[in-house]
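Q: I am new to this structure and would like a close look at one part of it. Could you walk me through the side-chain links that join separate stretches of the chain?

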Amino acid sequence: MRTTLTIHQRLTAAFALITAATLTLTACGSGDPGTSAGGAAPAGKSDKIPTTDVVKAVKKDEAAAELLPADVRSSGRLTVGASIGGTPPGAFYLEDGRTAAGQDIDFADAVAKVLGLKLKREAAGFEAILPALGSGKYDLGTGNFGVTDERRKTIDFVTYINDGQGFAVRKDSDLKKVTDLRQLCGLNVATGAGTTFEATLEENKHLCADAGKKAYSVKTYADQSAIWSSLQQGRSDVVMSTINGLRYAVAQQEGLKFLNEYHRLDVGFAFKKGTKLAPAFRAAVNKLIADGTYDKILKKWGTSESAIEKSQISPPEIKD
């Protein structure tokens, strides 16, 4: 194992401040943990994290707000289940361990301002949010949730970025690019618990057996620092996570590299199936795109490549 204690200590220190809650992702994407081609500043250092308030100037849009159900317009409040314990640029805690920041936070706050709403944000584990929507515990969920055909059976989405699935490895890895999961046969793959990545890996384990090869092992973690520690220390050979989150994370750590994009996914706000909130949220996202706030948020977090042209309600999963 080439990783030294010094590197591990540096890794632990860099991520300890932004993993106070459970799992992020990307999501996604991707759904699922963290998101983007962010800057190269050490994660967790508040003086290096973007602090420009690109949301404060957002005004209420009466046409979008009128699309809200009458009871929501009356109360003016919604409860959000938010996966915050990740790394920039998705959703994370600043050094005080209490202040939430990140792309997901800015988008949710901006949409709320367009609709004239106050958000009650409750931190929750990524894997717990979607089931809780159906029970009514949360009105919506944020956490870089990727829009998949399987999820669309029970969840409605309003899209706001495009992210997806990708891979990262140590720089001494023999892997150059993963275009087929059979390239992972015999390896240990680390990913976030309850994510689309875990589902993709588990559903395709048979590919190795079908090819007469040893199956890859899926190692899931509910904490981002644990995922990266497993890679740095050689307990895992490759990490599967969000494209944006991987690019950001490897820029903060020695000896790692982003391998490649594997599968693109739309990412959206999540709601219980049949929600009446979706049209208003779609209108709000499209308002942010039209007035330029959308581009400002993406630029702030270094995720401009994840821009979408317009928001949609539960579009079919992207197939590539």
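A: Happy to help; here is a tour of the disulfide and some of the salt bridges, with a short stop at a threonine at the end. Please keep in mind that this is a predicted model.

Let's begin with the disulfide. A search of the whole structure finds one, and its partners are cysteine 185 and cysteine 208, with an S to S distance of 2.1 Å. Cysteine 185 sits in the loop between strand E8 (155-170) and strand E9 (188-192), while cysteine 208 belongs to helix H7 (residues 206-210), so the bond ties together parts that are 23 residues apart in sequence. The torsion about the S-S bond is about -100°, which means that the disulfide is left-handed. Both cysteine 185 and cysteine 208 are buried.

Now to the salt bridges, for which the count comes to 13. One of them brings together the side chains of arginine 121 and aspartate 109, at 2.8 Å from N to O. Arginine 121 is in strand E6 (residues 118-123) and aspartate 109 in helix H4 (residues 103-115), twelve residues apart. Arginine 121 has a relative accessible area of 26%, so it counts as partly exposed; aspartate 109, at 27%, is partly exposed too.

Another salt bridge pairs lysine 273 with aspartate 156, at 3.4 Å from N to O. Here the partners are 117 residues apart: lysine 273 lies in the loop between strand E12 (256-272) and helix H10 (278-291), and aspartate 156 in strand E8. Lysine 273 is partly exposed at 44% relative accessibility, whereas aspartate 156 is buried at 9%, a value under the 20% cut-off.

Next comes arginine 247, which forms a salt bridge with glutamate 305, their closest N and O atoms being 3.6 Å apart. Arginine 247 is part of helix H9 (residues 243-251) and glutamate 305 is in the segment after helix H11 (293-301), so this pair ties together parts that are 58 residues apart in sequence. Arginine 247 is partly exposed, with a relative accessible area of 23%, and glutamate 305 is exposed at 61%. This pair also belongs to a network, in which salt bridges with shared partners join Arg247, Glu261, Arg264 and Glu305.

Finally, have a look at threonine 79 in strand E3 (residues 77-82). Its relative accessible area is 17%, so threonine 79 counts as buried. Leaving aside residues up to four places away in sequence, threonine 79 touches Lys120, Glu122, Lys137, Tyr138, Asp139 and Leu140.

Methods:
Residues are numbered from 1 along each chain as its sequence is written. This is a predicted model: local features need pLDDT of at least 70, side-chain atom pairs count only at pLDDT 80 or more; totals for chains, interfaces and linings use all residues. Side-chain values use heavy atoms; hydrogens and water are left out. Helices (H or I, at least four residues) and strands (E, at least two) are DSSP runs, numbered from the N terminus. Buried means under 20% relative accessible area, exposed over 50%, partly exposed in between (1.4 Å probe, protein chains only). Contact means heavy atoms within 4.5 Å. A disulfide is a pair of cysteine sulfur atoms within 2.5 Å. A salt bridge is a side-chain nitrogen of Lys or Arg within 4 Å of a carboxyl oxygen of Asp or Glu.
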